[in-house]
Amino acid sequence: MTDTRVTFERPPAPAPAADGTAVHVRGLRMSFGGTEVLHGLNFEVRCGEVFCLLGPNGAGKTTTLEILEGFRVPSGGRVRVLGLDPAAQPARLRERAGIVLQECGFPRRVRVAELIDLWRSYYPNPRPLGELLDVVELAEARNTQVRRLSGGQRRRLDFALALSGDPELIFLDEPTTGFDPEARRRCWAAIENLRGFGKTILLTTHYLDEAERLADRIAILRAGRIELVGTTHEVAVRGGLATRISFTTPSALRRGHIPPPDGIDLTISGPESVCHTAHVAMTLRLLLAWATEHRLGDLDGLAVTAPRLEDTYLQLTSGDPG
Amino acid sequence: MSRTVRLAVRQAVLEQRSFWRSTEYALFTFAFPLMILLLIGAANVGSHLPGTHIKNTTVFVPGILAFSVIVAAYVNLGSKVAVLRHDGVLKRIRTTPLPAGAYLGGLLASTVVTATLITACIGLIGWLAFGAGPRTGELLALAGGLVLGTVCFAALGLAISSVITSAESAGPVAYASFLPIAIISGVFDPTFSGLPAWLSRVVAIFPVKALAELLQNSYAVRPFPAWDLVNLALWTAAGGAFAVWRFRWHS
């Protein structure tokens, strides 16, 4: 099966806040029975972006989301979601935000389309039923009883219910945890369809590949603190990791006939020469000048590898349980 | 307000639809009181209450009416809400702007529909099979008693749902918490007697006998059960207060 992207004619929802910020969090603290689990979080989610809270289990992702959804009152800090204080105005918020919890059930013995239709009746401006079924690829299962759906289908039904009120913002708490690769892939396709609607999406995950594939921006949350925020690339760079430049070691260099380039910390490991740098362009210029000087041509196998999110993430969370 | 009512009606319609979709569950809910009505009723045909001209069946049939109200309102609603909570359906409802009143109103309305159907069924079959019907002019009082009983046991059903900790135990807990009381209240046996005095006083505290007596009064002339009305009102208030106090959206 291939990824399906569904596009519809309806224009993206208008920006809810004048400054283009859907979620605004400043100094967010949360304590349970004297133990502080969130130690002053700061981040923004911009309208129309997919923002991912990435972190290991127990980092505080779900607690953060529950505060933003208005289910928990924070111990300190300021939270605004679509311009509302979630703890004070949960009902108004839930008309404009779709919530997919990590785990919650469906009524027994109802059919897919029936349930979506019921959900549509809860909202002032619901999206059409057919469209919702298409977005989550459940059109063929519309008359199936919910209890007969697979785990992945149930998750996509979750998405359809959360989307039924045509919300400006959608919260997804660990949308694919415990799924097989095929189910994950279809969930991702559904989330990308949501993004196509211009919806702001705030999702949590402990899967790197999920964050990398879906998110415009990522915040790495660890032990109740945000370690880094930015695009996938920014997070990797700010994690202190350098870009890797490598090329096939020229035989003249290997045999010691020519000196290594000045000002570059080059490691010659057999057939491959590698250096790491934060200043890619300058290093490349130096390398190529050195190569020209010693008649090495354009350097065979020259490769520039951007730092990967995975490296940053593993570096930050190494030693954490889970 | 009208939005809340409209949403409650929608909810009730879907509840009824899924209730009847679960054929064996729906049939059993109806078959259990019906079986008791026909089997025990047959054993009482031709007998009279000791020392009176009151036919056993005219006391027995309204007793089974009370029993079926309790099954529909207390057992069904109580275990239903416990399962909804355990399955995380209530938690999901809270993620929507649906007013809590509309949701619970829908569940209650569906319960009223089930209770109405089942009592109509029992009343009709009791009348056809045993000739036991309400006294002339008592139909309204009977309806009032059924409404009061449904409200009271629905409140108690919501209350017990908060005590039930798992979906598996929902049905057994709901049944086990009232069947013994129903038996010693004489619901299944019009001539039931011989309880020790202290146990009779305990039985008089519970609302099962109170509802049975209230309904029996519409079938056979008995002393006006003022205390039964007070009893049901108190249990309704207590059940409602406990249900509100202990209500949780998640397990």
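Modeller: Two residues count as in contact if their C-beta atoms, placed from the backbone, lie within 7 Å. With that in hand, welcome to this predicted model!

Biologist: Thanks! Which residues of α6(B) and α11(B) meet by that rule?

Modeller: From α6(B) come B:L148, B:G149, B:V151, B:C152, B:A155, B:L156, B:L158 and B:A159. Their partners in α11(B) are B:L232, B:W235, B:T236, B:G239, B:G240, B:F242 and B:A243.

Biologist: How do those residues divide by class?

Modeller: The contact of α6(B) with α11(B) has eleven nonpolar and four polar residues, and no charged ones. Glycine is counted as polar, and B:G149, B:G239 and B:G240 are among the residues that meet here.

Biologist: Why are α6(B) and α11(B) called roughly parallel?

Modeller: Helix α6, residues 139–161 of chain B, packs against helix α11, residues 226–246 of chain B, at an angle of about 30°. Angles under 35 degrees count as roughly parallel, so α6(B) and α11(B) earn that name. Their axes are 7 Å apart, and α6(B) passes α11(B) in a left-handed crossing.

Biologist: What makes α2(B) roughly antiparallel to α3(B), then?

Modeller: Helix α2 (residues 23–44) and helix α3 (residues 56–87) of chain B pack at about 165°, their axes being 10 Å apart. The cut-off for roughly antiparallel is over 145 degrees, and therefore α2(B) is roughly antiparallel to α3(B). The handedness of this crossing is right-handed.

Biologist: Which residues bring α2(B) and α3(B) together?

Modeller: On the α2(B) side they include B:F32, B:P33, B:I36 and B:L37, and on the α3(B) side they include B:F60, B:I64, B:F67 and B:V71. By class, this contact has nine nonpolar, seven polar and no charged residues.

Biologist: What does the largest nonpolar core contain?

Modeller: It has 135 residues, and A:C52, A:A160, B:V69 and B:I70 have the most contacts inside it. The element that gives the most to this core is α3(B), with 19 residues. As general background, nonpolar side chains tend to be buried together in soluble globular proteins.

Biologist: Which residues does A:C52 touch?

Modeller: Leaving out residues up to four places away in sequence, A:C52 touches A:L203, A:T205, A:A211, A:L214, A:A215 and A:I218.

Biologist: Let's try some single residues. Why is A:G130 put in its exposure class?

Modeller: A:G130 has 12 other C-beta atoms within 10 Å. A residue is exposed if that count is 12 or fewer, so A:G130 is exposed. A:G130 sits in helix α4 (residues 129–135) of chain A. From A:G130 to A:R108 the C-alpha atoms are 22 Å apart in space, and the two residues are 22 apart in sequence.

Biologist: And what makes B:S177 partly exposed?

Modeller: B:S177 has 16 other C-beta atoms within 10 Å. Buried needs 20 or more and exposed needs 12 or fewer, with partly exposed in between, so B:S177 is partly exposed. B:S177 belongs to the loop between α7 (170–176) and α8 (179–184) of chain B.

Biologist: How do you know whether A:E174 is buried or exposed?

Modeller: A:E174 has 21 C-beta neighbours inside 10 Å. With 20 or more as the cut-off, A:E174 counts as buried. A:E174 lies in the loop between β6 (169–173) and α6 (181–196) of chain A.

Biologist: What about A:R295, buried or exposed?

Modeller: A:R295 has 9 C-beta neighbours inside 10 Å. That meets the rule of 12 or fewer, so A:R295 counts as exposed. A:R295 is in the loop between α10 (280–293) and β13 (303–305) of chain A.

Biologist: What makes the phi values of A:E174 and A:R295 worth a look?

Modeller: Most residues other than glycine have a negative phi. Yet A:E174 has a positive phi near 45°, and A:R295 has one of about 55°. Neither A:E174 nor A:R295 is a glycine.

Biologist: Last one: how many residues does each chain give to the contact between chains?

Modeller: Chain A gives 19 residues and chain B gives 15. In chain A, α2 (90–96) and α3 (112–120) each supply at least two residues of the side that touches chain B. That side of chain A divides into eleven nonpolar, two polar and six charged residues.

How values were computed. Residues are numbered from 1 along each chain as its sequence is written. Chains are lettered from A and ligands numbered from 1 in the order in which they are written. This is a predicted model: local features need pLDDT of at least 70, side-chain atom pairs count only at pLDDT 80 or more; totals for chains, interfaces and linings use all residues. Axes are lines fitted to C-alpha atoms, for helices over the stretch in contact, and angles run from 0 to 180 degrees between N-to-C directions. Helices (H or I, at least four residues) and strands (E, at least two) are DSSP runs, numbered from the N terminus. Angles under 35 degrees count as roughly parallel, over 145 as roughly antiparallel, 65 to 115 as roughly perpendicular and the rest as oblique. A crossing is left-handed if the near helix is turned anticlockwise from the far one by less than a right angle, and right-handed if clockwise. A nonpolar core is a set of buried Ala, Val, Leu, Ile, Met, Phe, Trp, Tyr and Cys residues joined through C-beta atoms within 7 Å.
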